[in-house]
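Me: Can you walk me through this one? I'd like plain answers.
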Amino acid sequence: MSRPRSARHLAPLSGGTPAHAGKVWLVGAGPGDPELLTLKAARALAAADVVVHDRLVPEAILDLARPDARRLYVGKRKSNHSLPQDDICALLVALAGEGQTVVRLKGGDPFVFGRGGEELIACLEAGVACEVVPGITAGLAAAAAVGAPLTHRGLAQAVTLATGHAAPEGRAPDLDWVSLARPNHTVVFYMAVSTAGTIAERLIAAGRAPGTPVAVVENASLPGQRSRLATLATLPEAVADLDGPAVLIVGEAAGVAERLAPARDSLRAAALAALAGEGPALGARRRGA
Ligand SMILES: C[S@@+](CC[C@H](N)C(=O)[O-])C[C@H]1O[C@@H](n2cnc3c(N)ncnc32)[C@H](O)[C@@H]1O
């Protein structure tokens with residue numbers, strides 16, 4: 001008799017490697033809310049001997065590891081790397097070489113601006129077993145948080161994830177602005193708060209309308225989440241006071257968030273009023289209560 005599907009899918013995390021061999025799991029921790037972690041990521045964490053993690057991974061997620069698991073912080077903040085990438089790759093290979101089960105835990109998804117590709121290559125080329133567990137990337141969490149669909153019938157038929165990071169600092173990101181300026185196309189910019197003004201200028205210069213909607217979401221899925229609905233023309237003001245990790249969702253479909261904002265606000269106000277005992281929740285009123 002075949003095993004139930006769920007059990008088969010969660011079956012041994014060390015599958016395919018001898019019991020004594022180490023292994024590296026490149027795990028996406030998602031955008032921050034521990035409930036947005038995958039079941040597989042939680043299981044990999046619980047099985048880890050050592051967790052090598054970044055700055056954007058919250059304590060509540062790290063706490064899913066065994067209390068005796070080692071935690072090694074190798075995080076990065078902009079250009080201030082606490083450990084160079086080559087050293088991180090070498091560390092993963094060395095730990096697995098000692099026979100340890102290593103979870104390399106990264107914010108969001110390891111393969112979206114996470115340098116997971118370099119770590120996968122380093123492990124496999126060194127003969128170390130390595131598997132990737134995807135995570136919810138910040139752009140998806142941000143879109144869900146503000147109700148800005150990334151694709152939407154008639155408004156967006158394509159999505160691009162782009163970096164707003166510019167090196168050296170202060171320059172414009174090196175991107176194909178003409179293709180990013182195509183209409184009916186959503187562009188999600190990561191690491192783009194400090195270059196938001198330049199991004200808006202370049203997109204407008206390449207033909208994107210100044211009134212193109214932009215949803216800005218900081219700390220998506222976390223208690224400190226903040227969002228702004230702007231346009232390319234007003235983007236510099238919209239990001240002026242942000243200081244946490246944020247994404248910019250640029251495109252016609254982001255305007256859906258704006259359209260829905262009044263309805264969301266009135267539902268939230270009704271729910272808060274009901275909580276405060278000031279009257280029935282909107283749902284109850286609609287049912288004629
Ligand atoms: C080095 S990239 C890592 C992206 C990550 N691998 C992912 O898939 O989300 C860091 C950038 O991700 C974005 N980011 C990460 N967490 C975020 C969050 N909770 N809310 C908004 N943006 C976030 C920000 O643009 C930040 O500058």
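Me: What classes of residue make up the shell around the ligand?
Reply: By class, there are 14 nonpolar, seven polar and three charged residues in the shell. Ala, Val, Leu, Ile, Met, Phe, Trp, Tyr, Cys and Pro count as nonpolar, Asp, Glu, Lys and Arg as charged, and the others, Gly among them, as polar. The model is predicted: local features need pLDDT of at least 70, side-chain atom pairs count only at pLDDT 80 or more, and totals for chains, interfaces and linings use all residues. Numbering starts from 1 along each chain as its sequence is written.

Me: Which residues come nearest to the ligand?
Reply: Gly108, Gly114, Thr137, Ala138 and Ala220, out of 24 around the ligand. A residue is near if its C-beta atom, placed from the backbone, lies within 6 Å.

Me: And which domains does the shell draw on?
Reply: Domain 1 (19-136) and domain 2 (139-256) each give at least three residues; the bounds come from an automatic or database domain assignment.

Me: New topic. Which residues of helix 4 and helix 5 make the contact between them?
Reply: Helix 4 uses Gln85, Ile88, Cys89, Leu92, Val93 and Ala96, and helix 5 uses Glu118, Glu119, Ala122 and Cys123. Contact means C-beta atoms, placed from the backbone, within 7 Å. Helices are DSSP runs (H or I, at least four residues), numbered from the N terminus.

Me: What classes are in that contact?
Reply: Seven nonpolar, one polar and two charged residues.

Conventions
Two residues are in contact if their C-beta atoms, placed from the backbone, lie within 7 Å. Helices (H or I, at least four residues) and strands (E, at least two) are DSSP runs, numbered from the N terminus.
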